[in-house]
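The following exercises concern a single molecular structure. Please study the sequence and the model before reading each solution.

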Amino acid sequence: MDSQALTAQQPNSNPVSTIVEARGVTRDFSSGGGVVHALRGIDLRVLPGEFVALRGRSGSGKTTLLNILIGLDNPTSGKVSILEKDLSTLNETERARLRRESVGMMFQNAHLFPSLTAQENVEIPLRLARVPGRKRTEMALQALEHVGLGKRAHHRGMELSGGEQQRVALARALVHKPRFIIADEPTGNLDSLTGRDIIMLLRTIAHEEGIGMLIATHDAVLYKAADRVLYINDGLVTSEAPQE
Ligand SMILES: Nc1ncnc2c1ncn2[C@@H]1O[C@H](COP(=O)(O)OP(=O)(O)OP(=O)(O)O)[C@@H](O)[C@H]1O
């Protein structure tokens, strides 16, 4: 492994008590001559090994919050830390590096390259982190084994079922051994049984590997499986369901 790939793994070994924290986070957008207060003072914390669901209606601010929590967008006010590092103290390059090294992401769509094999898809973040070829292959195969897809490693994205594609996406999110996984509706395109398998897999991995996971979802199975459910309503997060 080259020196850059080695440095890429170092932050993942520091012990921390908090994976991600938001304090007083607001986000205003200018829109049509007015201002939209998308987030209105959000406080939350995800601890190592916690599997947390984020529940909220369309337009409640989930995507805005997720983007801010991984430093893809800036809050209007308030503070966000990942692995106890205040994101406002990092420049764009440092944030991108923190994401590459410590954050895994999943979405409703697996976003695989259809003509690449499962293994090649999982190797993509390792290529970005400049992990050399043989090590890359070893890590990708290990991640695919981990999600129960060792036997599909050489199948192309387009030859896999929806559930298998989402497992490949999970292997890709896990391959660089992140500390924080953020997911936006990861079971949204799956039938309920396949969705349940993915949820249980995510939960087991969070608990066994101490990865903090925050999953925005409308999936009732996920609310039940979660260690905690956070509710987002009109730009505010609470631990109690809001009054309908
Ligand atoms: N770039 C933007 N400019 C103006 N308003 C925005 C922008 N992005 C989001 N908003 C507004 O902020 C609020 C929260 O949007 P957000 O996309 O975070 O909601 P969401 O909970 O993710 O919704 P969904 O579940 O439908 O994806 C909405 O009122 C939205 O219209």
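**Exercise 1: Helices on the sheet**

Task: State which strands α2 lies across, and at what angle to β7 it runs.

Solution. Helix α2 lies across β3 (51-55), β7, β8 and β9 (228-233), and runs at about 155° to β7. Helices (H or I, at least four residues) and strands (E, at least two) are DSSP runs, numbered from the N terminus. Contact requires C-beta atoms, placed from the backbone, within 7 Å. Axes are lines fitted to C-alpha atoms, for helices over the stretch in contact, and angles run from 0 to 180 degrees between N-to-C directions. Another helix, α6, lies across β6 and β7, at about 165° to β6.

The model is predicted: local features need pLDDT of at least 70, side-chain atom pairs count only at pLDDT 80 or more, and totals for chains, interfaces and linings use all residues. Residues are numbered from 1 along each chain as its sequence is written.

**Exercise 2: The sheet**

Task: Give the order of the strands in the open sheet, and identify which strands stand at the edges.

Solution. Step one: six strands form the open sheet in the order β6-β7-β8-β3-β9-β10, with mixed pairing; two strands pair if DSSP finds at least two bridges between them. Step two: β6 (103-106) and β10 (236-238) each have a single partner strand, so one side of each is left without a neighbour in the sheet. Step three: direction ignored, neighbouring strands are turned by 20° against each other on average. Step four: β7 (residues 180-184) and β8 (residues 212-216) run parallel and are joined by five bridges; Phe 180 has Gly 212 in β8 as its bridge partner.

**Exercise 3: Two packed helices**

Task: Describe how α4 and α6 pack.

Solution. Step one: helix α4 (residues 118-128) and helix α6 (residues 162-174) pack at an angle of about 30°, and their axes are 8 Å apart. Step two: that makes α4 roughly parallel to α6, a term for angles under 35 degrees. Step three: Ala 118, Asn 121, Val 122, Ile 124 and Pro 125 in α4 meet Val 168, Ala 171 and Arg 172 in α6. Step four: the residues of this contact divide into six nonpolar, one polar and one charged. Here Ala, Val, Leu, Ile, Met, Phe, Trp, Tyr, Cys and Pro count as nonpolar, Asp, Glu, Lys and Arg as charged, and the others, Gly among them, as polar.

**Exercise 4: The ligand shell**

Task: Determine which element gives the largest share of the shell around the ligand.

Solution. The largest share, three residues, comes from α2. The shell divides into three nonpolar, eight polar and one charged residue.

Technical notes: Angles under 35 degrees count as roughly parallel, over 145 as roughly antiparallel, 65 to 115 as roughly perpendicular and the rest as oblique. Two residues are in contact if their C-beta atoms, placed from the backbone, lie within 7 Å.
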